[in-house]
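The exercises below ask the reader to work through selected geometric features of a single chain, each followed by a solution in steps. Please look over the sequence and the coordinates before starting.

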Amino acid sequence: MGLWASATNHKEIGVLYFFFGACSGGVGFGFSEAIRWEQSSPRGVGAGGGAYEVCVTAHALTMIFFFLMPFLVGGFGNWFLPVWLGVADMAFPRLNNLSFWLLFPAAAFFWMALAGGAGPGWTLYPPLSSRGYSPVGMDAAVLALHAAGLSSVLGAINIAVTFCVLRHQMLWTSAPLPAVALAVTAFLLIGALPVLAGAITMLLSDRTAASSFFDPTGGGDPVLFQHLFWFFGHPEVYVLILPSFGLVSHAFSSGRTTAFARLGMVQSMVAIGVVGFVVWGHHMFATGMDVDVRAYFAAVTMVVAIPTGVKVFSWLATLWGSGLPLGRPDVLWGLLFLTTFLLGGLTGLVLANAGVDVLLHDTYYVVAHFHYVLSLGALFGAMSGISWASAAVRWTPFSATRGRLHAAVMCLGANGVFFPMHRLGAAGAPRRTVSQEDQLCSLVDASTAAFFVVIASNALLIQLFARDR
């Protein structure tokens, strides 16, 4: 254990990130099981005392900060970035070690927050978060996000410096696409996470130091927190999806020398990263924005569809010319990623309309939208990368037949869970509530039944890797 604790080799730290992310993903999946269990009854099974809200908060924060970010950015970034760039190691190996081990105090504070009953949702909106919950709960949650954010910033600095300084004679436009995706992700983290740190520090000050940044009775403004949070929150969406962009691009182009319209792919990722910083307001249409501000955020949100469309058509053209069999596990996961990401993007364009968003705000339609982009898009992209790496670097190679079976079962179950939520949201069903109207219970039951298929797919995944060990 001592050797692992002091490890500075990029592959060893990448393995640590993979294991930490996989374990955290299992915990986050457990919280999603608790959510579906609570919703299996019209009035909840055991949701007294805010337990349901705690499960919702814990599921979201675990999946974002302790599963997807460590797994996609920390795991793939550390293991593969030096390989893709042809360098010996990351730029700052010891800083790399520190960035990983900071996740453990973050996890400790996070479990303190859960024990304290913190359940304001992952957005932490005041006044619920500034006045409610015990210090053991809410204050510990803020400290957990600080520690996890510091870990991510240090890791992002390492990735950015490695990409910008250690590439030697390789042009950034000719670097492998997953390396470019990780570099853009790193700059997004460096630009966005300090804003979240400032927002939650102000929140902690309101709770413990009698300040009133977000308290209207003291001259503060709770909407200010939403602006600060979503200035971080929307780039965070691209932090989670951009590494999957790179992994899918790598899988689709593995049968040829380069991706179709490669320069356009690089420019699209950079454009998505830049535009991601100026669209945060589309999460806040229900706060009473001026009509001109609404028009701006609605228009600039739709602009994101342009570089996304470039990437989609480039992926299809790359796959068409690569000659790869569509049934190969990494290619199949890439196709599933493409399908779910497109559907999530289309519902995002629906929510970009300010008038429609006011009606669908905080309903299950929003839950379906971001789960199709992140829960399915980012996860399916990660599975494409795992399937490719298992064969390319001989991690734990598994049979293509079992890989295809797992992909099919996972796709069926995940779509069964989240697709009915579009109808729930269109009917006005509010999110973060354990009970729904009687006429909507059939849709809730359909999602819960499909969740058992997801459980079966996870059992297949465990068997997939355990059998060949």
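**Exercise 1: backbone outliers in loops**

Ala210 is found in the loop between helix H8 (177–208) and helix H9 (222–252), in a model that is predicted.

Task: What is phi of Ala210, and is Ala210 buried or exposed?

Solution. Phi of Ala210 is near 60 degrees, which is a positive value in a residue other than glycine. Most residues other than glycine have a negative phi. For the second part, the relative accessibility of Ala210 is 74%, and the cut-off for exposed is over 50%, so Ala210 counts as exposed.

Task: Which loop holds Leu124, and is Leu124 buried or exposed?

Solution. Leu124 sits in the loop between H5 and H6, and phi of Leu124 is likewise positive, near 60 degrees. Buried requires a relative accessible area under 20%; Leu124 has 1% and is therefore buried.

Task: Is the peptide bond from Pro126 to Pro127 cis or trans?

Solution. Omega for the bond from Pro126 to Pro127 is near 5 degrees, and the bond is cis. Pro127 belongs to the loop between helix H5 (103–115) and helix H6 (128–131). Most peptide bonds are trans.

**Exercise 2: a helix pair**

Task: How are H10 and H12 oriented to each other, and which residues of H10 meet H12?

Solution. The axes of helix H10 (residues 262–275) and helix H12 (residues 305–322) come within 9 Å and cross at roughly 150 degrees. Angles over 145 degrees count as roughly antiparallel, and H10 and H12 are therefore roughly antiparallel to each other. The crossing in which H10 passes H12 is left-handed. On the H10 side, Gly264, Met265, Ser268, Met269, Ala271 and Ile272 take part, meeting residues of H12 that include Pro307, Lys311 and Trp315. By class, this contact of H10 with H12 has 7 nonpolar, 4 polar and 1 charged residues.

**Exercise 3: aromatic pairs**

Task: How many aromatic pairs are there, and what geometry does the pair of Tyr17 and Phe100 have?

Solution. The count comes to 37 aromatic pairs. Tyr17 and Phe100 form an edge-to-face pair, at 5.1 Å centre to centre with 75 degrees between the planes. This pair links distant parts of the chain, with Tyr17 in helix H2 (residues 10–39) and Phe100 in helix H4 (residues 93–101), 83 residues apart. Tyr17 is buried at a relative accessible area of 5%, and Phe100 is buried at 3%. Phe100 also pairs edge-to-face with Phe104, at 5.6 Å centre to centre and 75 degrees between the planes, whereas Phe104 counts as partly exposed, at 38% relative accessibility.

Terms used: Residues are numbered from 1 along each chain as its sequence is written. This is a predicted model: local features need pLDDT of at least 70, side-chain atom pairs count only at pLDDT 80 or more; totals for chains, interfaces and linings use all residues. Side-chain values use heavy atoms; hydrogens and water are left out. Axes are lines fitted to C-alpha atoms, for helices over the stretch in contact, and angles run from 0 to 180 degrees between N-to-C directions. Helices (H or I, at least four residues) and strands (E, at least two) are DSSP runs, numbered from the N terminus. Angles under 35 degrees count as roughly parallel, over 145 as roughly antiparallel, 65 to 115 as roughly perpendicular and the rest as oblique. A crossing is left-handed if the near helix is turned anticlockwise from the far one by less than a right angle, and right-handed if clockwise. Contact means heavy atoms within 4.5 Å. Ala, Val, Leu, Ile, Met, Phe, Trp, Tyr, Cys and Pro count as nonpolar, Asp, Glu, Lys and Arg as charged, and the others, Gly among them, as polar. Rings of Phe, Tyr and Trp (its six-membered ring) pair if their centres lie within 6.5 Å; planes under 30 degrees apart count as stacked, over 60 as edge-to-face and the rest as tilted. Buried means under 20% relative accessible area, exposed over 50%, partly exposed in between (1.4 Å probe, protein chains only).
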